[in-house]
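I opened my notebook for this one with two topics in mind: the ligand site, then a pair of helices. Here is what I looked up.

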Amino acid sequence: MFNKFIASILPYFPKKFIWIFSRAYISGVTMADAMRVSKELNAQGIRVTLDVLGEFIKSLDEAEANKQEYLDLIEETQKNGINGNYSLKPTSFGLLIDKEVCYRLMREIVAKAASYNNFCRIDMEDSPCTDLEIELYRRLHAEFPKNVGLVIQAYLKRTYGDLEKMLDMNTPEIPTNYRLCKGIYVEPAGIAYKKYEEINQHYLEDLEFMFRNKIYVGIATHDKPLIEGAYELIRKYNVSKNMYEFQMLYGVTPKLRQSIVAGGHVMRVYVPFGEKWFGYSTRRLKENPKIASHIMKAIFVKG
Ligand SMILES: Cc1cc2nc3c(=O)[nH]c(=O)nc-3n(C[C@H](O)[C@H](O)[C@H](O)COP(=O)(O)OP(=O)(O)OC[C@H]3O[C@@H](n4cnc5c(N)ncnc54)[C@H](O)[C@@H]3O)c2cc1C
């Protein structure tokens, strides 16, 4: 309750103050920071997915600039020999302004990644974007079936049906590639499960669907019961190591992450960087169960 209150007033705190807590979730503001953190993670046997922070833009000039930043990022990642791929938020390329422009810009990025035999993940945003992002995925997948994947949100009631509908893209030669997460946006109860148990139950049902249908999956969670549930399903379906990976966010539950790596599973960490860290990091802070005590401590120490 108190955490929720603190979370709701976060946007009214000075940005400098929020930065103190946000730093843990962001590799830095520059590309060099992202390269440094990626190398550190790679040295621990962990792959990365790189994200240039920025979403819900106001003009297509911003979309063009964001595209250029990703093209530069791909060159830089390649030059540095990083074991990593890319995560893209369609709204930062103008999805809600002009979906054709968005498609064209994202196509350029995916084509560039594909030229290095690499991969782009389309992040899933809030529910006004779901249909548009599935459509975008279908179009890009038709041209680059090995180089593009989508995020699936277990909290949406429509998700299982979406997975069934998208089976037509899955083939034994080139399996479709999803990242399964719970979902982070605040959605109406009419379209989204709200209770922890309900979301977890659907998460495992979606995961089982993917294993049963031999879809590649990035199991994106820090929730121990879900990780245990995933281990059970991996055993049940005898899923080979090249058909799944675990994924976590930078700065979250590093000990749990290490235990998964020690168990011999592939792990990938989402590494965000950039000037526009505010929206991403306040979402992370709201999820952190210890946020209230951290913030109160900081206020106390400052005062
Ligand atoms: C790689 C990756 C990519 C993602 N991409 C998307 C996306 O495209 N679209 C989308 O809607 N969502 C995305 N998410 C977010 C996801 O939907 C969840 O909101 C987020 O992962 C928290 O859910 P959880 O499964 O960890 O379970 P929760 O029940 O939220 O958390 C389980 C436990 O993990 C720990 N924990 C979780 N978050 C934090 C935190 N911020 N700080 C400290 N401890 C924490 C706590 O111990 C908590 O009890 C992504 C998540 C990951 C890991």
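I began with His222: one of its polar side-chain atoms lies 2.7 Å from an oxygen atom of the ligand, a polar contact in the sense of N or O atoms within 3.5 Å. The model is predicted, so I kept in mind that local features need pLDDT of at least 70 and side-chain atom pairs pLDDT 80 or more, while totals for chains, interfaces and linings use all residues. Residues are numbered from 1 along each chain as its sequence is written, and side-chain values use heavy atoms, with hydrogens and water left out.

Next I noted Arg179, with a polar side-chain atom 3.3 Å from a ligand nitrogen. Ile184 uses a polar backbone atom, 3.0 Å from a ligand oxygen. The protein buries 84% of the 940 Å² that the ligand exposes when taken alone (Shrake-Rupley, 1.4 Å probe).

Then I looked up the shell: 26 residues surround the ligand, each with a heavy atom within 4 Å of it. Among those that come nearest are Met124, Gly183 and Glu287. The shell divides into 13 nonpolar, seven polar and six charged residues. Strand E7 (244-249) supplies at least two of them; in fact E7 gives the most, with three.

Last, I turned to helices H4 (60-79) and H5 (99-115), whose axes come within 9 Å and cross at roughly 5°. They are therefore roughly parallel (angles under 35 degrees). Tyr70 and Leu71 are among the H4 residues that meet H5, contact being heavy atoms within 4.5 Å. That contact has nine nonpolar, no polar and five charged residues.

Methods. Axes are lines fitted to C-alpha atoms, for helices over the stretch in contact, and angles run from 0 to 180 degrees between N-to-C directions. Helices (H or I, at least four residues) and strands (E, at least two) are DSSP runs, numbered from the N terminus. Angles under 35 degrees count as roughly parallel, over 145 as roughly antiparallel, 65 to 115 as roughly perpendicular and the rest as oblique. Ala, Val, Leu, Ile, Met, Phe, Trp, Tyr, Cys and Pro count as nonpolar, Asp, Glu, Lys and Arg as charged, and the others, Gly among them, as polar. A polar contact is a pair of N or O atoms within 3.5 Å; within protein, one must be able to donate a hydrogen and the other to accept it, and residues adjacent in sequence count only if both atoms are side-chain atoms.
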